[in-house]
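Please work through the following exercises with the structure in view. Each task is followed by a solution in steps.

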Amino acid sequence: MAGRGSGEDTRPAAGRRRVPLAARVYDELRHDLATGELAPTERLRAERLAQRYGVSRTPVREALARLQADGLVQRHPDGLYLYRPRLNELDELYELRIVLESRGFQRIAAGGSVQVHIPTEHDLPTVRGELARWLEYRDTPPEPGPELVAADERFHTELLRAAGNSALAEALAAVYLRVRPVRTMDVPTAERVAAMTADHITIAEQVLAGDDEQALHTLTVHIESSRAHVRVRAEQAIAFTKLGRAVRD
């Protein structure tokens, strides 16, 4: 496959910060792994990736080392592969989502106490922006795929960031990176896209109305529903894979 990058290591125009090759490869490789452009079962060979991104093997190895440290790439006996969670790990990652996203509402509830530097309400302009986005999606539903997954992730991370702690939002984004390949390959039906959209609109409207307790309840049910769906789909995929091994063309 032709490389997306350039083999040249040119300096940018004056006044602009030069992005190291390893950082660029890291970003592009992380994107390609998360969106399914690189198959989860594909061994991540430095030589082949160097050709793909138009660089030498050194920045590729550095990028792979970072991805391994992030938990997005795993070493197997025969080499490096995309992290592929087991069913119980999927459950654990969704449980971590609930803990992180619930903490945003808990911070707001604690804002009126003696603690300092904690807001007493969400950043409402941010929530309004997300509400406007999903109202548009309700009128013009997006096509299932990586862009829809990214929009869903953005809603949840921005809602958590609106609670005033960017570190919590960054932790949630790291969780999303680990489950995104699974979600990207599971194409949702129009009904599921509509349900996701309706949930996001309801959550945002409840936050804007100051009904944080009900918003947290709606959010938790929403995440639990997503967890149950992903688990069922994963179990079905495993069953079909086993069935496929039992027959031939």
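**Exercise 1. The strands**

In which sense do strand β1 and strand β2 pair, and over how many bridges?

Solution. This is a predicted model, in which local features need pLDDT of at least 70 and side-chain atom pairs count only at pLDDT 80 or more, while totals for chains, interfaces and linings use all residues. Residues are numbered from 1 along each chain as its sequence is written, and side-chain values use heavy atoms, with hydrogens and water left out.

Step 1. Locate the strands: β1 covers residues 73-76 and β2 covers residues 79-82. Strands (E, at least two residues) and helices (H or I, at least four residues) are DSSP runs, numbered from the N terminus.

Step 2. Determine the pairing, which requires that DSSP find at least two bridges between two strands. β1 and β2 pair in the antiparallel sense over four bridges.

Step 3. Examine the connection: two residues stand between β1 and β2, which form a hairpin. Q74 stands opposite Y81 in β2.

**Exercise 2. The order of elements**

State how many helices and strands the chain has, and give their order.

Solution. Step 1. The count is nine helices and two strands.

Step 2. Read from the N terminus on, the order is α-α-α-β-β-α-α-α-α-α-α.

**Exercise 3. One residue in a helix**

Is E153 buried or exposed?

Solution. Step 1. Place the residue: E153 belongs to helix α6.

Step 2. Apply the cut-offs: buried means under 20% relative accessible area, exposed over 50%, and partly exposed in between (1.4 Å probe, protein chains only). E153 counts as buried because its relative accessibility is 6%.

Step 3. List its contacts (heavy atoms within 4.5 Å). Leaving aside residues up to four places away in sequence, E153 touches Y176, R180 and R183.

**Exercise 4. The second largest pocket**

Describe the volume and the lining of the second largest pocket.

Solution. Step 1. A pocket is an open set of points on a 1 Å grid over the protein atoms alone, where a 1.4 Å probe fits, with protein on both sides within 12 Å along at least five of seven lines; lining residues have an atom within 4 Å of a point. The second largest pocket holds about 330 Å³ of space, a volume being the space filled by probe spheres set on the points.

Step 2. Its lining has 21 residues, and the closest to the centre are R183, R192, M196, S226 and H229.

Step 3. Two or more lining residues come from each of α6 (146-161), α7 (166-185), α8 (190-208) and α9 (212-245). The largest share, five residues, comes from α9.
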